[in-house]
Amino acid sequence: MTMLNKDMTLCISLSARPSNNGTRFHNHLYEALGLNWIYKAFAPTDLAQAIAGVRGLAIRGCAISMPYKEDVIALVDRMDPSARAIESVNTIVNDDGVLTAYNTDYTAIAQLLAGAGIDPAASVLLRGSGGMAKATVAAFRDAGFTDVTIVARNETAGRALAELYGFAWRPEVGDATANVIVNVTPIGMAGGTEADALAFPPPTIDAATVVFDVVALPAETPLIAAGRAAGKTVISGAEVATRQALEQFVLYTGIRPSAEQVRAAEEYMRAGA
């Protein structure tokens with residue numbers, strides 16, 4: 001990597017439990033493309049102060065992860081349609097002190113759904129109601145899915161998200177099954193209190209044909225491992241992380257790397273997971 005110097009452009013990420021995924025992906029591409037840039041992950045102790053730092057220190061870009069995707073809305077100047085439509089932010093771009101919020105999670109999930117070739121007539125059971133869930137639900141809706149049930153213990157958030165798109169809500173998974181099951185909660189995330197837990201019970205996994213987990217750390221979550229072992233089609237959070245990080249990279253730098261460069265960055269990212 002290029003030696004640190006005063007002219008370097010800085011990009012960061014803010015997460016309650018930072019991983020090395022974005023750091024390795026972005027820094028690998030900076031080096032491959034000869035850019036005098038650097039990327040660093042942080043776990044903020046004060047979100048408002050962190051965003052003020054982005055503005056005041058001329059930090060070019062800032063990735064936003066759980067649980068800050070909604071809280072950050074009040075701290076930016078502009079909302080791109082990708083973020084405004086779902087009221088969830090995962091990317092901030094700083095243009096001379098003006099902070100514009102975007103959501104590349106939506107783009108990544110939409111691309112993965114299209115690539116997986118899932119029939120929109122399939123039933124979907126989606127667990128979660130936060131900012132990432134908003135992006136995921138919107139992507140399913142826009143892909144033509146209509147039989148979607150939101151599972152969320154928070155009735156207010158769960159019902160609001162379901163009603164926004166004309167979907168159903170239930171407080172617990174219970175004995176519910178669906179063709180496609182999607183985890184959009186921290187269950188199974190490394191470093192969390194439920195790192196070893198399954199987001200769905202075994203009977204629900206067995207009844208599904210597609211298992212989708214947006215948790216990116218570890219790349220093989222308990223849910224993805226169980227789905228793979230059961231012979232299901234799986235979509236991992238690591239895949240989401242790669243695609244959304246690529247779109248962030250383009251927003252920050254204005255450069256779209258080649259497919260070969262992206263594959264190399266993804267391999268480097270996963271090697272350090």
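**Note on the parallel sheet, helix α4 and Thr91**

1. Helix α5, spanning residues 131–142, lies across strands β7 (124–127), β8 (148–151), β10 and β11, and its direction makes an angle of about 165 degrees with that of β7. The model under discussion is a predicted one, and the points below should be read with that in mind.

2. The strands that α5 crosses belong to an open sheet of six strands, in which the order is β9-β8-β7-β10-β11-β12 and the pairing is parallel. At the edges stand β9 (168–170) and β12 (233–235), each of which pairs on one side only. When direction is ignored, neighbouring strands of this sheet are turned against each other by 20 degrees on average.

3. Within the sheet, the pairing of β10 (residues 180–183) with β11 (residues 210–213) can be followed in detail, since these two strands run parallel and are joined by four bridges. In this pairing, Ile181 stands opposite Val211 of β11.

4. Helix α4 comprises 13 residues, 104–116, and the distance from its first C-alpha to its last is 18 Å, close to the 18 Å expected at 1.5 Å a residue. At the N-terminal end, Asn103 acts as the cap, with a side-chain oxygen placed 3.0 Å from the backbone nitrogen of Asp105. After the helix comes Gly117, which has a positive phi near 65 degrees.

5. The buried residues of α4 are Thr104, Asp105, Ala108, Ile109, Leu112 and Leu113. An α-helix has 3.6 residues a turn, so residues three or four places apart point the same way. The elements that cover the buried residues of α4 include strands β5 (91–95) and β6 (98–102), helix α5, strands β11 and β12, and helix α9 (237–253); two of these strands, β11 and β12, also appear in the order of the six-stranded sheet.

6. Is Thr91, a residue of strand β5, buried or exposed? Thr91 counts as buried because its relative accessibility is 0%, where the cut-off for a buried residue is under 20%. The side chain of Thr91 makes polar contacts with two other side chains, that of Asn90 at 2.9 Å and that of Gln248, also at 2.9 Å.

7. Once neighbours within four places in sequence are left aside, the residues in contact with Thr91 are Cys62, Ile64, Thr100, Ala101, Tyr102, Thr104, Gln248, Leu251 and Tyr252. Among them is Thr104, which is also one of the buried residues of α4.

Technical notes:
Residues are numbered from 1 along each chain as its sequence is written. This is a predicted model: local features need pLDDT of at least 70, side-chain atom pairs count only at pLDDT 80 or more; totals for chains, interfaces and linings use all residues. Side-chain values use heavy atoms; hydrogens and water are left out. Two strands pair if DSSP finds at least two bridges between them. Axes are lines fitted to C-alpha atoms, for helices over the stretch in contact, and angles run from 0 to 180 degrees between N-to-C directions. Contact means heavy atoms within 4.5 Å. The expected span of a helix is 1.5 Å times one less than its number of residues. Buried means under 20% relative accessible area, exposed over 50%, partly exposed in between (1.4 Å probe, protein chains only). A polar contact is a pair of N or O atoms within 3.5 Å; within protein, one must be able to donate a hydrogen and the other to accept it, and residues adjacent in sequence count only if both atoms are side-chain atoms.
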